[in-house]
Amino acid sequence: MPSASTYDELADRLETRSATVGVIGVGYIGLPTAAILASEGYRVIGFDIDEKKVRVLNSGGCYIDEPDLPWIVSGVVDAGRLVGTTDFRKMAECDVLMFCTQTPLKSDGTPNLDILFSAVDCALEHARPGILIICESTVPPGTTQRIVERFVSTGSFQLDKSLWAAHCPERVLPGKVVQELRTNDRVIGGITPASATLARKLYESFLDPDRIMETRATVSEFAKLAENTYRDVNIALANEMAIAADLLGIDITEVIALANRHPRVNIHRPGVGVGGHCLPKDPILLSTAVTERGGRLDLTLKAREINSAMPRFAVSLLERVVGSDGLKDRRVLVLGITFKEDVDDTRNSPSKVLIEELRKRGAFVRAHDPKTDERFGADNVTDLKSGIDWAEAIVLAVAHSEYRIALPRMDLQGKVFLDGRNIFSPSEISAGVYLGIGRPVRQ
Ligand code: SAJ
């Protein structure tokens with residue numbers, strides 16, 4: 001067992017950046033975090049079960065499409081400060097273990113913490129006493145405490161003597177991960193005050209100390225869920241307003257622009273749906289935790305329902321203008337497959353439902369996306385112009401920069417164009433029919 005000075009030694013290693021940090025799960029959050037910590041001088045080991053990822057990482061390559069990340073990764077790998085491995089025995093070398101694994105939903109819609117807890121099981125087997133564990137994954141309140149109990153139940157770890165633990169939720173916007181990692185305020189939820197103090201030392205290596213807020217782990221776990229639930233509910237409100245504007249024959253973009261000039265109003269943007277690994281899932285993590293305690297989050301669940309119905313609403317808009325035979329045998333091009341603009345991530349993308357609904361109605365569906373090869377069952381289009389020449393109707397599902405630049409310059413005469421993100425003013429697009437989400441039809 002470590003001596004009583006373990007806390008001081010660990011604190012010293014964190015301050016002098018001589019600590020070895022293990023990042024478990026080198027994905028969308030783990031890789032940028034590992035790279036930043038390595039660039040700040042720590043020795044970082046990235047653990048993953050995916051051998052291919054580890055191979056690419058160790059060759060200095062970057063498999064995540066984020067501005068600035070490739071050169072940071074190649075620099076720290078070249079310098080020998082970041083190595084990837086599938087060998088979990090190396091956890092014994094780590095002073096800090098950070099869990100950066102996904103917490104998705106199961107197919108029945110309930111939270112799936114299996115990936116996180118199998119990483120915890122690996123750590124239980126290989127980690128040595130005298131460590132700081134940090135959970136960056138988004139989890140139901142109480143999960144970090146459960147992780148700690150597992151460690152303590154082995155008999156080898158004692159809280160505040162040979163084990164410190166904190167929940168420090170990641171808080172970065174895909175597409176701006178590197179920038180936001182260094183500039184966003186961060187919440188550190190300590191299992192004990194000493195745990196929070198140790199975790200702060202690690203985060204202060206790349207963050208201004210004033211940006212770090214300390215609290216208890218259950219509070220930080222809830223705060224993370226509240227952030228994304230707020231955004232999901234706000235977008236649902238925007239979508240509901242768009243449906244209202246559609247019925248009233250008013251342009252929702254004008255309404256929101258005017259309403260948002262009020263100093264305390266910030267309505268988000270309506271669109272063909274809400275995707276990604278966070279907004280469709282985090283409200284469910286929160287709602288499930290409440291249901292388990294006999295409560296119910298009506299507004300949160302209703303917001304999920306409204307946002308999930310948006311791809312079908314978009315299809316109904318098309319159906320309205322294509323005539324009495326509906327979408328059967330119509331040639332529809334879907335632009336954008338990823339869950340949002342300028343990222344390569346397709347998790348929970350609304351385009352999947354959109355394509356399925358179009359195909360159910362008998363349409364011929366082709367899809368284009370400069371960021372991913374996924375097509376969700378639609379036929380692939382690699383050349384934007386030839387895809388547009390082929391199509392009778394075009395649905396802009398994702399506002400990639402390429403589309404923002406190219407579409408206003410293209411000839412869309414005689415075609416139906418559905419601007420699923422309301423990014424263009426109707427006059428910018430040469431289509432025969434312009435549709436938006438909650439905007440009057442322009443013929
Ligand atoms: N969307 C809209 N309307 C909007 C904004 C977004 O329909 O006004 C759609 C997007 O197209 C996308 C989805 O919502 O399909 C989610 O996009 P997003 O940009 O809102 O969120 P994410 O998932 O990329 O990132 C969020 C962020 N959370 C908040 O801003 C509160 C990010 O800071 C978190 O770190 C991330 O979730 C996470 O990992 O939890």
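**Burial, cores and ligand contacts in a predicted model**

Modeller: In helix 11, the residues Asp-282, Pro-283, Ile-284, Leu-285, Leu-286, Ser-287, Thr-288 and Ala-289 are buried. This is a predicted model, in which local features need pLDDT of at least 70 and side-chain atom pairs count only at pLDDT 80 or more, while totals for chains, interfaces and linings use all residues. Residues are numbered from 1 along each chain as its sequence is written, and side-chain values use heavy atoms, with hydrogens and water left out.

Colleague: What makes a residue of helix 11 buried, and what covers the buried residues?

Modeller: Buried means under 20% relative accessible area, exposed means over 50%, and partly exposed lies in between (1.4 Å probe, protein chains only). Eight of the 10 residues in helix 11 (residues 282-291) are buried, and the helix is therefore mostly covered. The cover includes helix 9 (217-248) and helix 12 (298-308), where cover is counted as contact, with heavy atoms within 4.5 Å. Helices are DSSP runs of H or I with at least four residues, and strands are runs of E with at least two, numbered from the N terminus.

Colleague: Why is a set of residues called a nonpolar core, and which members of the largest one touch the most others?

Modeller: The name applies because the members are buried Ala, Val, Leu, Ile, Met, Phe, Trp, Tyr and Cys residues joined through side-chain atoms within 4.5 Å. In the largest nonpolar core, of 45 residues, Met-98, Leu-202 and Tyr-203 touch the most other members. Helix 2 (residues 30-39) gives the largest share, six residues. Another core, of 35 residues, lies apart from it and has Val-332, Leu-358, Ala-378 and Val-395 among its members.

Colleague: What makes the approach of Asn-228 to the ligand a polar contact?

Modeller: A polar contact is a pair of N or O atoms within 3.5 Å; within protein, one must be able to donate a hydrogen and the other to accept it, and residues adjacent in sequence count only if both atoms are side-chain atoms. An N or O atom in the side chain of Asn-228 is 2.7 Å from a ligand oxygen atom, so the pair qualifies. A polar side-chain atom of Lys-340 lies 2.9 Å from an oxygen atom of the ligand.

Colleague: How do you know that the size of the chain agrees with a compact globule?

Modeller: For 443 residues, a compact globule would have a radius of gyration near 22 Å, and the protein chain has 24 Å, which agrees. The radius is taken over C-alpha atoms, and the globule rule is 2.2 Å times the number of residues to the power 0.38. Buried residues make up 54% of the 443 residues.
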